[in-house]
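Ready for some practice at reading a protein model? Grab a pencil and try each task before you peek at the solution.

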Amino acid sequence: MMQQTWLTLSHFVMLGLLFGFAIVHSGGAALRPWAEKLIGCRLYRILFALSSLPLAVILIIYFFNHRYDGLQLWNVQDLPGVQQFVWALSAISFLFLYPATFNLLEIAAVQKPQVHLYETGIIRITRHPQMVGQIIWCIAHTLWLGTSFTLVTSIGLVLHHLFGVWHGERRLIHRYGEAFVQVKQRTSIIPFGAVLDGRQSILWQEFFRPAYLGVVIFVFLLWWSHPFLLQATGKINI
């Protein structure tokens with residue numbers, strides 16, 4: 001009997017989904033200046049969300065349903081403290097993934113969506129918190145699941161966010177010019193890099209914002225609802 005290969009079709013499907021999401025998301029961001037002039041800021045934001053969010057939901061469901069596919073590279077789930085460590089990393093990752101929550105009314109296009117040039121709060125720690133948060137999330141989930149499918153997914157996600165760093169900085173340079181150059185000089189991509197070399201100082205009062213409280217509440221709700229999410233997505237056959 002021929003042994004089944006560990007490199008299942010789901011590995012390639014996930015890479016294809018990630019590539020498709022990257023094209024839609026990064027492509028939509030690149031088209032933003034032109035699209036906003038053509039159809040306006042609010043309609044652009046709505047169309048951008050309607051194209052990106054369904055793909056993101058499909059990615060999440062597909063990941064949940066196939067997370068144990070492929071080769072089991074390691075299994076540390078029974079080791080003491082690993083589960084708590086993974087949850088702690090996941091919580092930290094969402095604190096870095098937060099920036100979009102600062103302007104919820106703009107995301108929903110209730111207020112006029114704008115591009116903001118931040119240099120406060122978590123931006124003092126890293127200029128690209130979403131990239132850092134995604135890497136931390138990938139480390140946590142790859143450690144916990146230990147499968148080749150999760151490793152492939154994590155590599156794809158990290159590569160997408162690294163591209164997003166390059167792509168995002170090009171767009172900010174084009175939009176803000178010298179103002180963004182100065183922000184780059186005062187901040188760092190590597191977490192705490194600008195703090196350690198004296199270019200930045202952490203001002204803890206900047207973190208006392210409703211958005212951070214919202215992230216903490218979200219993490220607790222996610223922890224509570226995680227088993228139900230796995231059961232619900234397991235009923236969707238994709």
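Below are four exercises, each with a worked solution.

A word on the model: it is predicted, local features need pLDDT of at least 70, side-chain atom pairs count only at pLDDT 80 or more, and totals for chains, interfaces and linings use all residues. Residues are numbered from 1 along each chain as its sequence is written, and side-chain values use heavy atoms, leaving out hydrogens and water.

**Exercise 1.** Work out whether the span of helix 4 agrees with its number of residues.

*Solution.* Start with the helix itself, a DSSP run (H or I, at least four residues) numbered from the N terminus. Helix 4 covers residues 82-96, which makes 15 residues. The expected span is 1.5 Å times one less than the number of residues, so helix 4 should span 21 Å. Its end C-alpha atoms are 21 Å apart, so the two agree.

**Exercise 2.** Find where the buried residues of helix 4 sit around its axis.

*Solution.* Buried means under 20% relative accessible area, exposed means over 50%, and partly exposed is in between (1.4 Å probe, protein chains only). In helix 4 the buried residues are Val82, Val86, Leu89, Ser90, Ser93, Phe94 and Phe96. They lie on the same side of helix 4, because they cover an arc of only 155° around the axis (the arc of the directions from the axis to the C-beta atoms). Here's a handy rule: an α-helix has 3.6 residues a turn, so residues three or four places apart point the same way. Finally, check the neighbours: these buried residues pack against helix 6 (129-145) and helix 10 (210-234), with contact meaning heavy atoms within 4.5 Å.

**Exercise 3.** Compare two residues of helix 7: is Thr153 buried or exposed, and how does Leu162 fare?

*Solution.* Thr153 is in helix 7, and its relative accessibility is 4%, so it counts as buried. Not counting residues up to four places away in sequence, Thr153 touches Met14, Leu18 and Phe63. Leu162 is also found in helix 7, but its relative accessible area is 42%, so Leu162 is partly exposed.

**Exercise 4.** Say what is unusual about the phi of Phe192.

*Solution.* First, locate Phe192: it's in the loop between helix 8 (178-186) and helix 9 (193-196). Next, recall that most residues other than glycine have a negative phi. Phe192 is not a glycine, yet its phi is positive, about 70°. As for accessibility, Phe192 is partly exposed, at 38% relative accessible area.
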